[in-house]
Amino acid sequence: MPFVTAKTQKSAYDVIVVGSGAAGGQSAYTLCMDGAKVLMLEAGRKYSPETETPMFQTPDVAPLGGAGTPDKPFGFYDATVDGGWDVPGEPYVRASEEDAGRFEWWRARMLGGRTNHWGRISLRNGPYDFKPLSRDGLGRDWPISYEDVAPYYDKVELLIGVYGSNEGLENTPNSPPECLLPPPKPIVSDLLVAQRAKRLGIPVIPGHRAVLTQPLDHLRSPARLHPGNAAAQRILAADMRSRGACLWATPCGRGCSVRANYQSATVHLPPALHSGNLDIRTDAMVYEITLGRDGRANGVSFVDRTSGKQRHAAARVVVLAASACESARILLNSRSAQFPDGLANSSGKVGRYLMDTVGSSVSGQIPLLESLPPLNEDAADGHQLYVPWWLYQEQHAGKLGFARGYHIEFNGGKRMPGLGTGAGLEWLTGGGYGAKFKQDVRRYYGSFVSFDGRGEMIPNEQSFCEIDPKVKDKWGIPVLRFHWQWSEHELKQAAHMQKTFAEIIDAMGGKPRDPPKSDGAKAIAPGGSIIHEVGGAIMGSDPKTSVTNPWCQTWDVDNLFVTDGAVFASNADKNPTLTIMALAWRAADHILERMRRKEL
Ligand SMILES: Cc1cc2nc3c(=O)[nH]c(=O)nc-3n(C[C@H](O)[C@H](O)[C@H](O)COP(=O)(O)OP(=O)(O)OC[C@H]3O[C@@H](n4cnc5c(N)ncnc54)[C@H](O)[C@@H]3O)c2cc1C
Ligand code: SF4
């Protein structure tokens, strides 16, 4: 079995990968398919989406009708085990509990991490997104450009399967032919949003999600992804054949037992395991990177969560992929005489420039969508269509009063009714019972739309994490303390979102549930709550002002890499995970090349 224990773990590996989510999964996949011997250490428990996903259970059989609980804050159908906004025994500290300075942190302690229940929205950053400082003088430029990352976006799209379309819009890159799967059909409310938004000059185009609308091209993609590597091609072709296409019936947030959507545990890990080059140790909570006498990393120390004992694993190269803040925590906790402020922190930038996505929402009711005949609109579980940022020219001309843009995700339609269906109609009906209530539910069911803005946050000096001097988790590992502050740009952007969403609802002939908020501070969701946290070990071209070089390799320790969102130098409005995977693949290729040259 490739799942190892204290007894079966080997004495040394080529590479240790810490974490098994999007970053860890991609890193291990690329390394193993090219022959590197990898040990993956994952803090959470072993988890099998194929056998543990209650995919076909309907709301009538779910405990509490599927409603959220402290264990499962997003409801029974959320795949998360051992995680959420709170992880028992693993606290963190907030420097401020005020709304304006509050940071929230979602973690998942399970094989595959948060890829088990993420939204699967998979957008490429565009050329502008890598050079924001050069465009408007704010934030930081990346030391790489879109052209450096584009080949890796292609590879990730081909491997995991992403639907979408090429529209040729500004800073919304096209994919090369055959990289994207065809998008699904929009539902009725999507079509109405598209029609009315277009009247306002707002473009609505097919979304991009990591969901298989058709089987993957197992005949051609393996050769494109692994040229000259017959063994990798064979393993990948077999794996691609075994993934089913989407059934359009079951919420993706609980995971997909037919493997039609992307989860690290169903897409990255099976072929990596089949290569014979991957060992996985679960329940392994890494707390420190260890150094040899030469000052280079020689392995990691971890707590075996099943026994509480401290253990060690050795390797030539260490890859941190524990998610942005956890990777920063491990670096900061790896103190030594040589690195008293934490490992790879000679710049003092570890933990710095933490970013999330700007979020703001408005929902409304649309009379045109009332009393429609019953329809099966479970569809692609959201993001059939979306609005990319469209006001580049107006912003450039200084007409908006804030920097950086947002995209719009929207939802509506008649999904399978659940416990909450029909609840909260009082604002429309004034309340009702019996036959009148049933009539109201039939009339209004499916007539609601909601709009969620997802915008770029500019990195700032006040948003960061550090080690709290007092608090430790149940394993005795010092925990993070978070500091957070939005700038005027994010607050004005959130107010702009509210105004735009109200205008679209108005153009649809509807009315917003609540009046749009003109005060950005009231409109913006708390830091971290959109769960797109990145930064904390940013990449750059100067070792004095950044933690890693353009290859995700730490400046201070050349056999130590960080391949998760910690390296992001900015956080474009595009959801981060596709970029995390593209950068992880690129970094793994670099490691392989340096290992071939005997430099690592
Ligand atoms: C509800 C939800 C919806 C989302 N929707 C989207 C979306 O639509 N699009 C998008 O781009 N992103 C989305 N995200 C964000 C996305 O999930 C993350 O960007 C992505 O999972 C990050 O990958 P990662 O590998 O860095 O971290 P994770 O997926 O969190 O994986 C990290 C892994 O490392 C393990 N780990 C942590 N610390 C240690 C340690 N000390 N030792 C060993 N192992 C450790 C964790 O247990 C975990 O398994 C969403 C997230 C949530 C929760
Ligand atoms: S909607 Fe499709 S991708 Fe999502 S869980 Fe169901 S079958 Fe899987």
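User: In this predicted model, what makes the approach of Arg 120 to ligand 1 a polar contact?

Analyst: A backbone N or O atom of Arg 120 lies 3.2 Å from an oxygen atom of ligand 1, and a pair of N or O atoms counts as a polar contact within 3.5 Å, so the pair at Arg 120 qualifies. Two further residues can be set against that cut-off: a polar side-chain atom of Arg 114 lies 2.7 Å from an oxygen atom of ligand 1, and a polar backbone atom of Gly 113 is 3.3 Å from an oxygen atom of ligand 1.

User: How much of the accessible area of ligand 1 does the protein cover, and which elements give two or more residues to the shell?

Analyst: Ligand 1 has 990 Å² of accessible area on its own, and the protein covers 94% of that area. Two or more residues of the shell come from each of helix H1 (22–33), strand S10 (284–291), helix H9 (324–333) and helix H15 (577–596), and S10 gives the most, with three residues. There are 36 residues around ligand 1, of which Glu 42, Arg 114, Gly 119, Val 286 and Thr 577 come nearest. By class, the shell around ligand 1 holds 19 nonpolar, eleven polar and six charged residues.

User: How do you know how many charged residues stand around ligand 2?

Analyst: The residues that surround ligand 2 are Met 55, Val 211, Cys 246, Leu 247, Thr 250, Pro 251, Cys 252, Gly 255, Cys 256, Ala 260 and Asn 261. Asp, Glu, Lys and Arg count as charged, and the shell around ligand 2 divides into eight nonpolar, three polar and no charged residues. As for its site, ligand 2 sits in the second largest cavity.

User: Why are strands S8 and S19 called edge strands?

Analyst: The open sheet of six strands runs in the order S8-S14-S15-S16-S13-S19, with antiparallel pairing. Strand S8 (205–206) and strand S19 (511–512) each have a single partner strand, so one side of each is left without a neighbour in the sheet, and both stand at the edges.

User: What makes S13 and S19 a pair?

Analyst: Strands pair if there are at least two bridges between them, and strand S13 (residues 358–365) and S19 are joined in the antiparallel sense over two bridges, so the criterion is met. At one position, Gly 364 has Pro 512 in S19 as its bridge partner.

User: How do you know that S4 pairs with S18?

Analyst: Two bridges join S4 to strand S18 (residues 478–483), the two running parallel, and at least two are required, so S4 and S18 pair. Arg 94 stands opposite Phe 482 in S18. The open sheet that holds these strands has the order S4-S18-S17 and mixed pairing; strand S4 (93–94) and strand S17 (464–472) are the edge strands, each pairing on one side only.

How values were computed
Residues are numbered from 1 along each chain as its sequence is written. Chains are lettered from A and ligands numbered from 1 in the order in which they are written. This is a predicted model: local features need pLDDT of at least 70, side-chain atom pairs count only at pLDDT 80 or more; totals for chains, interfaces and linings use all residues. Side-chain values use heavy atoms; hydrogens and water are left out. Helices (H or I, at least four residues) and strands (E, at least two) are DSSP runs, numbered from the N terminus. A residue is near a molecule or strand if one of its heavy atoms lies within 4 Å of it. On a 1 Å grid over the protein atoms alone, a cavity is a set of points where a 1.4 Å probe fits but cannot get out, and a pocket is an open set with protein on both sides within 12 Å along at least five of seven lines; lining residues have an atom within 4 Å of a point. A molecule sits in a cavity or pocket if more than half of its atoms lie within 2 Å of its grid points. A polar contact is a pair of N or O atoms within 3.5 Å; within protein, one must be able to donate a hydrogen and the other to accept it, and residues adjacent in sequence count only if both atoms are side-chain atoms. Accessible areas come from the Shrake-Rupley method with a 1.4 Å probe; for residues, only the protein chains shown count as cover.
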